[in-house]
Amino acid sequence: MKKKRFLLVMPDYSDFPKLFLDNLEKEGFDTYLITDKLPKFKYKSSESVKNFFVKNILRNKEYKQNLINRHNFEELNKSLSKIDDELDYILVIRPDNFPISFVKNLKKKTKKLIAYQWDGIEKFPEVKNYFNLFDTFFCFEKVESEYNIRSITNFYFDHLPPSQKSYNTEKPILYFVGLYWKSREEKIDKFIDQVSRFPVELSIFIQYFKEPEQKNDKIKYIQNRITFEENLEFVKNSDILLDFVDPLHNGLSIRFFEGMYYKKKVITDNIMVKNYDFYHPDNIFVVENDNYKNIEQFLKAPYHELSEDIVKKYGFSNWIKEVIK
């Protein structure tokens with residue numbers, strides 16, 4: 001049987017594109033990839049002189065940016081033109097990273113154009129301008145009053161082998177990696193202060209672009225991003241994943257699904273997780289109403305095994321079937 005042709009369009013974010021392609025190929029697709037990693041813009045002929053005049057004499061700073069936008073659009077279309085014939089599916093992740101005019105060209109190339117916004121809608125509200133460009137627009141949040149919007153959870157990549165490490169009830173390793181946000185600095189510091197009195201090992205990494213004014217000596221501050229493959233090694237070697245909810249998100253992060261697949265517990269301040277079928281109080285502790293003292297009992301409880309049907313439900317293989325059906 002002829003393989004279905006699948007184009008993935010997404011930001012060149014860490015090693016995520018490769019993970020998507022590997023899992024898509026495991027599911028039997030013939031895959032193609034376009035990212036936002038494009039050849040660097042260079043002036044043509046007299047454009048540099050004209051930009052100097054427009055910028056310094058006419059005080060118009062938009063000329064160069066318009067040239068860059070045109071360059072990016074042309075490069076993206078070049079990549080698309082290299083793919084012959086019609087595609088069965090095109091999935092665009094974070095569509096707001098790509099020009100609307102390019103997304104319209106994608107529509108001409110496929111039987112089904114699908115989007116997935118893996119970040120919060122209100123965190124990147126520009127994406128609302130893209131809703132009606134797609135046959136179906138998926139996000140992990142609920143969006144009202146849009147005919148083609150569907151909610152779907154995040155997932156774990158199931159082409160990778162699961163972990164075999166048993167949960168350590170004596171001194172569990174608590175792991176977190178994330179970007180530095182001033183808005184959650186206080187609650188992370190408070191959490192560290194509260195759990196440090198228990199027998200735990202903290203493995204907390206915060207990536208920053210601008211160095212924080214104050215640093216917590218129990219946090220490892222990093223400038224270079226940890227790749228997803230590296231992150232998974234930390235996940236496999238840990239016992240509990242930490243999840244500090246983004247105030248602009250209205251859904252569950254990927255940590256819950258990694259936890260399920262690799263049999264790791266989760267400590268979170270996202271109360272929404274209690275509404276899901278995989279929630280079990282022995283596996284997921286929800287920080288609320290200053291209930292930190294109850295964490296000690298949670299740490300000592302063994303991991304509660306979930307049914308195979310529930311775990312498989314949230315794998316990429318099932319996720320992609322839901323997205324394209």
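This is a guided tour of the structure above, with a selection to make at each stop.

**The whole chain**

Start with everything shown. The model is a predicted one. Colour by secondary structure: the chain has 10 helices and 12 strands. Its C-alpha atoms fill a box of roughly 70 × 55 × 35 Å along the principal axes. Of the 325 residues, 50% count as buried. Now think about contacts between residues with a separation of 6 or more. Residues 24 or more positions apart account for 65% of them.

**The sheet of strands 1 to 6**

Select strands 1 to 6. In what order do the six strands of this open sheet lie? The order is 2-1-3-4-5-6, and the pairing is parallel. Strands of a sheet pair through backbone hydrogen bonds. Now pick out strand 2 (30-35) and strand 6 (149-151). They stand at the edges, and each has a single partner strand, so one side of each has no neighbour in the sheet. From one strand to the next, the twist averages 20°.

Zoom in on strand 5, residues 136-139. Three bridges join strand 5 to strand 6, and the two run parallel. Select Phe138, then Arg150: Phe138 stands opposite Arg150 in strand 6.

Next, add helix 4, residues 100-107. Helix 4 packs on the sheet. It touches strand 1 (5-10), strand 2, strand 3 (87-93) and strand 4 (110-117). The direction of helix 4 makes about 140° with that of strand 4.

**The nonpolar cores**

Select Phe20, Leu91, Ile267 and Phe278. These residues have the most contacts inside the largest nonpolar core, which has 77 residues. Keep Phe20 on screen. Leaving aside its neighbours within four places in sequence, which residues is Phe20 in contact with? They are Leu8, Met10, Ile93, Trp118, Phe155, Phe157 and Phe316.

Apart from the largest core lies another, of 24 residues. Among them are Leu76, Leu80, Phe102 and Cys139.

Stop at Asn77, in helix 3 (residues 62-81). Is Asn77 buried or exposed? Its relative accessible area is 19%, and buried means under 20%, so Asn77 counts as buried. Beyond its neighbours within four places in sequence, Asn77 is in contact with Phe102 and Asn105.

**The sheet of strands 7 to 12**

Switch to strands 7 to 12. Six strands form an open sheet here, in the order 9-8-7-10-11-12, with parallel pairing. Strand 9 (220-222) and strand 12 stand at the edges. Each has a single partner strand, so one side of each is left without a neighbour in the sheet. The twist averages 20° from one strand to the next.

Select strand 8, residues 201-207. Strand 8 and strand 9 pair in the parallel sense over three bridges. Show Ile206: it stands opposite Tyr221 in strand 9.

Add two helices. Helix 5 lies across strand 7, strand 8, strand 10 and strand 11 (265-268). It runs at about 170° to strand 7. Helix 6 packs on the sheet too, touching strand 7, strand 8 and strand 10. Its direction makes about 155° with that of strand 7.

**The empty spaces**

Turn on the surface. The largest pocket has a volume of about 1,100 Å³. It is lined by 44 residues. Select Tyr13, Phe16, Arg225, Ile254 and Arg255, which lie nearest its centre. Which elements give two or more residues to the lining of this pocket? They are helix 1 (16-26), strand 7 (173-179), helix 6 (228-237), strand 10 (240-243) and helix 7 (255-261). Strand 7 gives the largest share, five residues.

Now look for enclosed space. There are two cavities of 30 Å³ or more. The largest cavity holds about 80 Å³ of space. Residues lining it include Leu179, Trp181, Ile206 and Tyr221. The largest share of its lining, four residues, comes from helix 5 (residues 182-195).

**Last stop: a loop**

Go to the loop between strand 12 (284-286) and helix 8 (295-300), and select Asn289. Most residues other than glycine have a negative phi. Asn289 is not a glycine, yet its phi is positive, at about 55°. Asn289 counts as exposed, at 75% relative accessibility.

Asp290 is in the loop between strand 12 and helix 8 as well. Its phi is near 55°, again a positive value in a residue other than glycine. At 53% relative accessibility, Asp290 counts as exposed.

Note on methods. Residues are numbered from 1 along each chain as its sequence is written. This is a predicted model: local features need pLDDT of at least 70, side-chain atom pairs count only at pLDDT 80 or more; totals for chains, interfaces and linings use all residues. Side-chain values use heavy atoms; hydrogens and water are left out. Two strands pair if DSSP finds at least two bridges between them. Axes are lines fitted to C-alpha atoms, for helices over the stretch in contact, and angles run from 0 to 180 degrees between N-to-C directions. Contact means heavy atoms within 4.5 Å. A nonpolar core is a set of buried Ala, Val, Leu, Ile, Met, Phe, Trp, Tyr and Cys residues joined through side-chain atoms within 4.5 Å. Buried means under 20% relative accessible area, exposed over 50%, partly exposed in between (1.4 Å probe, protein chains only). On a 1 Å grid over the protein atoms alone, a cavity is a set of points where a 1.4 Å probe fits but cannot get out, and a pocket is an open set with protein on both sides within 12 Å along at least five of seven lines; lining residues have an atom within 4 Å of a point. Grid points are joined across faces, edges and corners, and a volume is the space filled by probe spheres set on the points.
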